[in-house]
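Student: I would like to go through this model with you, beginning with the ligand and then moving to a sheet.

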Amino acid sequence: MRNRQATRLIFELAKPGRRANLLPKCDVPATEASEIYGAAARKNRLNLPELAEGDVVRHFTNLSTLNMSVDTHFYPLGSCTMKYNPKRNERLASLPGIVDLHPHLPSDSVQGMLELLWRLQCYLADIAGLPAVSLQPAAGAHGELTALMVARAYFRDLGQMERTQVLVPDSAHGTNPASAAMVGYQTTTIRSCADGSVDLDDLRSKINSRTAVFMITNPSTLGLFEAKIREIAELVHAAGGLIYLDGANMNAILGITRPGDFGADMMHFNPHKTFSGPHGGGGPGAGPICVREFLEPYLPIPRVVKRDGRFDLQFDAPKSIGRVRSFFGNVGVLVRAYCYILANGREGLKAVSQHAVLNANYLLARLQRSLPVVNERRCMHEFVASASKLKKERGITALDIAKRLLDYGFHAPTVYFPLTVPEAIMIEPTETESKETLDAFVEAVEQIIGESAQQLHDSPNSTPISRPDEVTAARKPIMIWKPAS
Ligand SMILES: *Cc1c(COP(=O)(O)O)cnc(C)c1O
């Protein structure tokens, strides 16, 4: 039973006169505040909630347990790679020599940090198979935007300003067309075949001399590896365009295949997904990009470089698109990624992907007995099931199953994405989950499907709030507490 007290606001628990601290008596003459601040001094008491220490601790501790997290629950959120965040990373990233650095310190006094970032660039380049790296973008979506700006600068340099068309498969993440729109490009959607792969005929008919970039997610958001990726890259390259790889699904292919080897010219990583950075609540993230040599001159500045055995920030890059973020990027997230890569090593990263794919295929094989999956052939690190048949026959939707899973102690999978699948339920178990956890999840789904539609519509019923009006909650959020009277 969840503690309902935790759902009350701290203001409502307060009682005037309660105290959370015991300060010794003041042993120096009290100075009149007005002497110091004059007109700026506060005239009225600040109306802060007053509580005893125990009440404050209990309130926030209980509040913290209302959320589901990777540390408390299985969290199979497709496309988001909510993997276990090793505690070692947290300890290392909070070492004083790392957290206490000021970004304005001169390069000479931050050689260690610059070396760490430079080494991370080398690792990312190696994993991507693309030699030039910028660590600056602050999220995957920001990496997409940055890479498209790099592409635009490249085409401008070639005098090909007419290239403003971005091709995006219909299963793409919404950030892909959004990033294209933000650089002023137009998006053309490419159809998928019934098996989830890119429809090559549709692609051929839409590529032209205005094509700038084909943005592809591989493995795709359906959890399928695009087997014709080489052919696709050849088509796009023959038309003078570039291939952008949305690297959100790198968890399936680390150390197994490299985007640079299968035709990508640019890509982003999501270190907060693939390299275990914690990313609940939308951040913080990072979105380093890797590009081919001929695109390197356009990367954002400053770049972390090694010159004569010394590490430095390079600002002199006349063709650079300039800064896309303050300082060097989200360093805290990058440090965690560095620790994760080092801790796993070359063989370890490959094992990460192998286990991620194995876990997903195990879940797919068990779940498809109760829930139809879009593609019954083997998946990569995630797969998409559909509640479409259940909806038609019994009025049970993907949302019902997702909400009811909360009562069973599981974070819901991603639902209603990708958009090409009606009543989509997108499941990504990640590599660290045990067989027991996966089995328990399957059994929960089976039980849920056995329940009545009404029971499911009324769920969840173990959470403080059951089904908020999500549209109103997002459009008109109430962010300020007001006393009832
Ligand atoms: C998460 C994701 C993105 C966006 O990455 P952010 O780091 O959240 O900005 C883009 N594409 C796909 C397929 C994703 O899963």
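Student: Which residues are around the ligand?

Tutor: The model is predicted. A residue counts here if one of its heavy atoms lies within 4 Å of the ligand. The residues around the ligand are Ser 79, Ala 139, Gly 140, Ala 141, Glu 144, His 173, Thr 175, Asp 246, Ala 248, Asn 270, His 272 and Lys 273.

Student: How far is an oxygen atom of the ligand from an N or O atom in the side chain of His 272?

Tutor: Backbone atoms are involved at two other residues: a polar backbone atom of Gly 140 is 2.8 Å from an oxygen atom of the ligand, and a backbone N or O atom of Ala 141 also lies 2.8 Å from a ligand oxygen. For the side chain of His 272, the distance to an oxygen atom of the ligand is 2.7 Å.

Student: Which element gives the most residues to the shell around the ligand?

Tutor: Two elements give two or more residues to this shell, α7 (140–157) and α11 (271–274). With 3 residues, the one that gives the most is α7.

Student: Why is one side of β10 left without a neighbour in the sheet?

Tutor: The sheet is open, with 3 strands in the order β10-β12-β11 and antiparallel pairing. β10 (383–386) stands at an edge, so β10 has a single partner strand. 4 bridges join β10 to that partner, β12.

Student: Which helix packs on the sheet?

Tutor: In the β10 and β12 pair, Ala 385 stands opposite Ile 425. The helix touches both β10 and β12, and its direction makes about 20 degrees with that of β10. This helix is α12 (residues 331–367).

Definitions and conventions
Residues numbered from 1 in each chain as written. Predicted model: local features only at pLDDT ≥ 70, side-chain atom pairs only at ≥ 80, totals over all residues. Heavy atoms only, no water. Pairing = 2+ DSSP bridges. Contact = heavy atoms within 4.5 Å. Axes fitted to C-alpha atoms, helices over the stretch in contact; angles between N-to-C directions. Polar contact = N/O pair within 3.5 Å; in protein donor to acceptor, adjacent residues only side chain to side chain.
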